[in-house]
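Got your viewer open? Let's walk through this one stop at a time, with something to select at each.

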Amino acid sequence: MDDTLDINVTVNGRPRTINVAVNQTLLDVLRNEIDLTGTKECCVVGECGACTVIVDGRSVNSCLMLAVEVDGAELTTVEGLETEDGLSPLQAAFLDEGAAQCGFCIPGQLMSAAALLEHNQDPTVEEIQEGLAGNLCRCAGYEQITKAVLAAAKAVT
Amino acid sequence: MMKSVGESPRRGGGYGRVTGHQEYMADIHLPDTLQVKLVTLDCARAKIISIDTTEADKVPGVQFVMTPADLPQPMPRFGPQFQDRPILAVGETKYFGEPVAAVAAETKEAAEEGARLVKVEHEVLEGGVYCVTDALAADALLVQDPSLRPNDPLADTNIIDEKNFGWGNIDDQPVDLIVEDNYQFPMVTHFAIEPHGFMAVPDGDGIVIWSTIQHPYLLQKMMAKMLDMPLSKVRVHAPDPGGGFGGKQIAKFEPLIAYMALRAGRPVRLVLTLDETFQAVRRSSAEIRVRTGFDSEGYIQFQDIETNFLVGAYVDIADRVVSKSSYSAAGPYRVPAVKIIGRTILSHTTPSTAFRGFGIPQISWARESVIDEAALQLGIDRLEIRLRNLPRYKEAFIPGEEADGDWEQTVRTAAKRIGWGDPLEPNRGRGIAIGLKSGPTTGLSYATVRLLYDGSAMIYSGTSDMGQGARTIFAQIAADELGVPLDEITVVMGDTAVVPYDQQTSASRSSVLMGTAVLRACQDIQGKALTMAAKLYNLDEDAIKIDSSLVVLPDRELSLIDVMQEALAPLGGEVVGNGEMRKDKDPSHPLGGTAAFFEFNCTASEVEVDMETGATTLIKHVTVGDVGRSLNPLQVKSQDDGAAIMGLGHTLMEHYIFDDQGRIRNLGAIDYRILTSMDLPLELHSESIENADGPGPYGIKGVSEGSLLVTAPAVGAAIREATGTVIRDLPLTPQRVWEALQEKK
Amino acid sequence: MNNFQYARPETVAEAVALLEEHGPDARLLAGGTDLVIELRNHWVEPKVVIDLKRIPELAPAITERDGYLSISATTAMTDIVENEQVQRYFPALAESAVVVGSVQIRARATLAGNICNGSPAADTAPPLLVYDAVVVVAGPKGTRRIATNDFIVGPGKTALERGELVTAIELPIPEWAYGAAYTRLTRRRGTDLASITLCCGVDAAGNTRLAYGSVGPRAFLVIDDSGVLADPNVAIEDKVEPLDAMFHLASPSLKSMRASPDYRLAMLRVLGARALDTAIGRLTKELV
């Protein structure tokens, strides 16, 4: 029988108690238990970044965390980026700069970008490329994504 | 109203993509679904002796294990060209990762546990065909049983087909220089960030299938035939793929999942891991021999090209890759005599399939490198030798095929942008290369457009939007033609029960072919509006003109929407338009038809090589494509940038690495390297030549593949200039460049 | 993943007791960036996974005391990269920490985990060797301090005994000017596992410490006290031979798909010379 644990976690601003198997990854819990399918699954070895979420202010690969590890944490997924006024400046910039093509990597790119901008409000191109190097995009919209992050930084400051 | 065509509005479907609400195949959860895990062996070739499911069946949650014995006998085989691929391995596995059984369970974890416990008694078979030399050896192991190809004289070989194309007599040409060399192109994989996924559920006397497939209608046709159901009973849902690049064109595990769903009587679903996608799709590797004759001024007198494409254990669409790419192997050059032999060769490896560029990157790597060699030997500038041999606009360069653009303008633009001829800093080099790829040779697309009473519109199209932005393009066309604001247009795709037939989403066709169908559907509506206006205002139809979304009466102009609303009041309703675009098959043409258009590209690159480590830095990378017209400039640039970066992948770092048992050692994201945001050229320029001379709406041609056609020869030439070494194998890894430098010493 | 029990000790003593009880059936969870992959692939099938992140004594902390900079066991790479004292005293450690995976990986992966895994390619091992770091270990018999060079044993092997865990890594703060640099060989500029990891440190007394990994079963430390290598006035040509000699321990694997042995051996020399040059440059700057 699987061991389970009740964890308390704030997901996109909403405090929740979730019963999780102790051997379940955070990614599986998000996608399969609480229907937050915006977070994507691809490489499951922490290389592609499609599963990136923000835990206590830092971007992490949810495929490499056990769900029990976020007990007590504050968690943001792509579904939590929109504000009361609609798309966040970052999301809007992704649309305006054409950063989303097939879109599959975009939730992860957005979360990495959001975490970057949280710590660095005025990043250079190099800092953006370094900050998002853990997010693969096979459409290779890297230039558009970088431009979008720059534009979002400008829009906020 | 502002024109939409030529602008770069926000992407159709963009909102879902930046909010996480876009539903990809793996995001669709049906209640009561069984999860599937494939059972595979840890080797390429094995004789299957028995399959024991006892332990797997005991795993809580496991419902059943599908084995070959549970499928119709003889095992159904499928494939777009040859029906050679069995649903599960029959008797022996022929490549690493070929499934021998599949476990269906209530949870993914249980299915995985079950798959580990299925006991496949097997004998690892000695040897295997892993390269062209092995495959063509006189005593070569046969990958496929000759009985699969009755009446085929090649059935006793590993050659599926040998294509012979050409014109003129290559032995009759007066030449001053002949350059001959062999080039290798590795096996690379699509690596779409969305792994392939499949789901099926029986529906009364029919079946519903979900797939990440690019061609829902091709899948529908195949499944209907296999299951002996009418087309009307096979419904295919094809949610927007999360990247396709050709790797999602052809059915893979849909037949397996369909049979499992029919057995289970409930939804059954399989989502591959990234590692499993490496075992499902790849590009054909190739060995290419090019022998080219020149006169002393660098004019090409003949090309003698032999392409040996190593495809996988089953043909998939690879034989078409070989024929289509070999046909234009001589490239965009004026050549009096050409001889081309193209071979499709089986091997004990992942079945290769369509992949952006469709065989052209392999061939142009060899052809363009040989032209560079000749230029150096003749003392002619590498740009100049290409310009001398470039066909002019409308000039036939393959019998029956004309240059469909001002290609010189493309080449000169790229040369200017890279600074061709400018002095080089130390350890740097530049390269330039040109190439072209045929667009679709046949096509059939239908579109339906509904202009709704409130002036909004819906477009129904069987195209798959996998990132190329088809939704946006079709909406832009309808916006201009009907006068509907873009944000009031919904584009419906990906459901064969809803959208009309489309042949496929491939060969950069959709803007041209489906775009034309959408345009014609809008014109159908315009025609109806004209009739409405004639009736409303008591005019002769001849007295009324349509100017896109305007209905022009003798004395005034009305918007098409106003006319429609007035005519339909008071009951409301809508106007439905249908459009069709057909490019029929030409049985006399070796490819079944001429190219609808060419994607012509010139790529130029400047690199700096670290002479101690062999590492290459891309200082500047330029690609210029003749696109006819940029219907959406941002999308065109994004596709071109993306193709260029993907091309840099196979040029610099991507390749499968095998062990001696045919296993791919670098499955997955850790040891198969693709470019990240930190590996980009310091400057990347993608530009378009726009002369509105294409066959699509407003003069467009297809785009999306051009920028990776000649990445390798351009970068290879730049590295050659920087280092003074010639490398004929890809990828040009630091180690390989370093080894070449050592050899030079 | 197999079914395991998840333990969340609140003290080091509890964790040690659990480790002692379960021995090889227990796995420690700090950052988890390696462990979760091993679990998913069934490379390990522990009975119990012990999460160290709820132990206050091991909470992320970088503290200076008694001439040491102490980095606690659950301190993530990101904390190390961002820490001013690390940047000031141990720049080569910061340089190695900042290339461990991506931002996402560094937010979780710990320094202790990086060396406990025993990967020959661990990025932080060479700087820890050069800086003469000490691994602080708690176990059933109390606490012991092990020099990094003795702690690292071989692939997947450390000096840890049953019931023992790493509580901190302590780096002696150099009393005199010190110059060190870290470099690595990869297949691309973006995140990659290194085919060579290399750190070089020099002091004004002429000692050169060179550590390199990914070219043998473990990262090696070699010391040159002849003064030749560290001397900024000795021509680079005259350093080729003594530098070459420093790499005598390298024995790169024939089977690796990341780089051939010949290439690795050649690159050791290239990277070694470059790191030495940077280290000397840094030392010179310190001395000014």
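Two residues are in contact here if their C-beta atoms, placed from the backbone, lie within 7 Å. Keep in mind that you're looking at a predicted model.

**Stop 1: a residue in the core.** Select B:Ile257. Which residues does B:Ile257 contact, leaving aside neighbours within four places in sequence? You should find B:Val36, B:Phe198, B:Met199, B:Ala200, B:Val268 and B:Leu270. B:Ile257 belongs to the largest nonpolar core, which has 381 residues. Along with B:Val103, B:Ala478 and B:Val518, B:Ile257 touches the most other members of that core. Helix α13 of chain B, residues 513–536, supplies the largest share of this core, with 12 residues.

**Stop 2: a helix pair.** Stay on α13(B) and add α14(B), residues 560–568. Two packed helices are described by the angle between their axes and the distance between the axes. For this pair, the axes come within 9 Å and cross at roughly 60°, which makes α13(B) oblique to α14(B). The crossing is left-handed. To see the interface, show B:Gln526, B:Ala529, B:Met532, B:Ala533 and B:Leu536 on the α13(B) side. They meet B:Leu560, B:Val563, B:Met564, B:Glu566 and B:Ala567 in α14(B).

**Stop 3: a helix with neighbours in two chains.** Now pick α17(B), residues 734–744. Its buried residues include B:Pro734, B:Val737 and B:Trp738. What do the buried residues of α17(B) pack against? In chain B, there are β28 (598–609), β29 (616–626) and α16 (711–723); from chain C comes α11 (261–287).

**Stop 4: a cysteine in chain C.** Jump to C:Cys199, in strand β12 of chain C, residues 196–203. Is C:Cys199 buried or exposed? With 31 other C-beta atoms within 10 Å, C:Cys199 is buried. Beyond four places in sequence, its contacts include C:Ala92, C:Ser96, C:Pro126, C:Tyr182 and C:Ala275. If you want a distance to check, C:Glu57 is 142 residues from C:Cys199 in sequence and 30 Å away in space, C-alpha to C-alpha.

**Stop 5: all of chain A.** Colour chain A by secondary structure to pick out five helices and five strands. Going from the N terminus, the elements run β-β-α-β-β-β-α-α-α-α. The radius of gyration is 15 Å, close to the 15 Å that the globule rule gives for 157 residues, so chain A is as compact as a globular protein of that length. Of those 157 residues, 66% count as buried. Taken along the principal axes, the C-alpha atoms of chain A fill a box of roughly 50 × 30 × 25 Å.

Technical notes: Residues are numbered from 1 along each chain as its sequence is written. Chains are lettered from A and ligands numbered from 1 in the order in which they are written. This is a predicted model: local features need pLDDT of at least 70, side-chain atom pairs count only at pLDDT 80 or more; totals for chains, interfaces and linings use all residues. A nonpolar core is a set of buried Ala, Val, Leu, Ile, Met, Phe, Trp, Tyr and Cys residues joined through C-beta atoms within 7 Å. A residue is buried if 20 or more other C-beta atoms lie within 10 Å of its own, exposed if 12 or fewer, and partly exposed in between; C-beta atoms are placed from the backbone. Helices (H or I, at least four residues) and strands (E, at least two) are DSSP runs, numbered from the N terminus. The radius of gyration is taken over C-alpha atoms; the globule rule is 2.2 Å times the number of residues to the power 0.38. Axes are lines fitted to C-alpha atoms, for helices over the stretch in contact, and angles run from 0 to 180 degrees between N-to-C directions. Angles under 35 degrees count as roughly parallel, over 145 as roughly antiparallel, 65 to 115 as roughly perpendicular and the rest as oblique. A crossing is left-handed if the near helix is turned anticlockwise from the far one by less than a right angle, and right-handed if clockwise.
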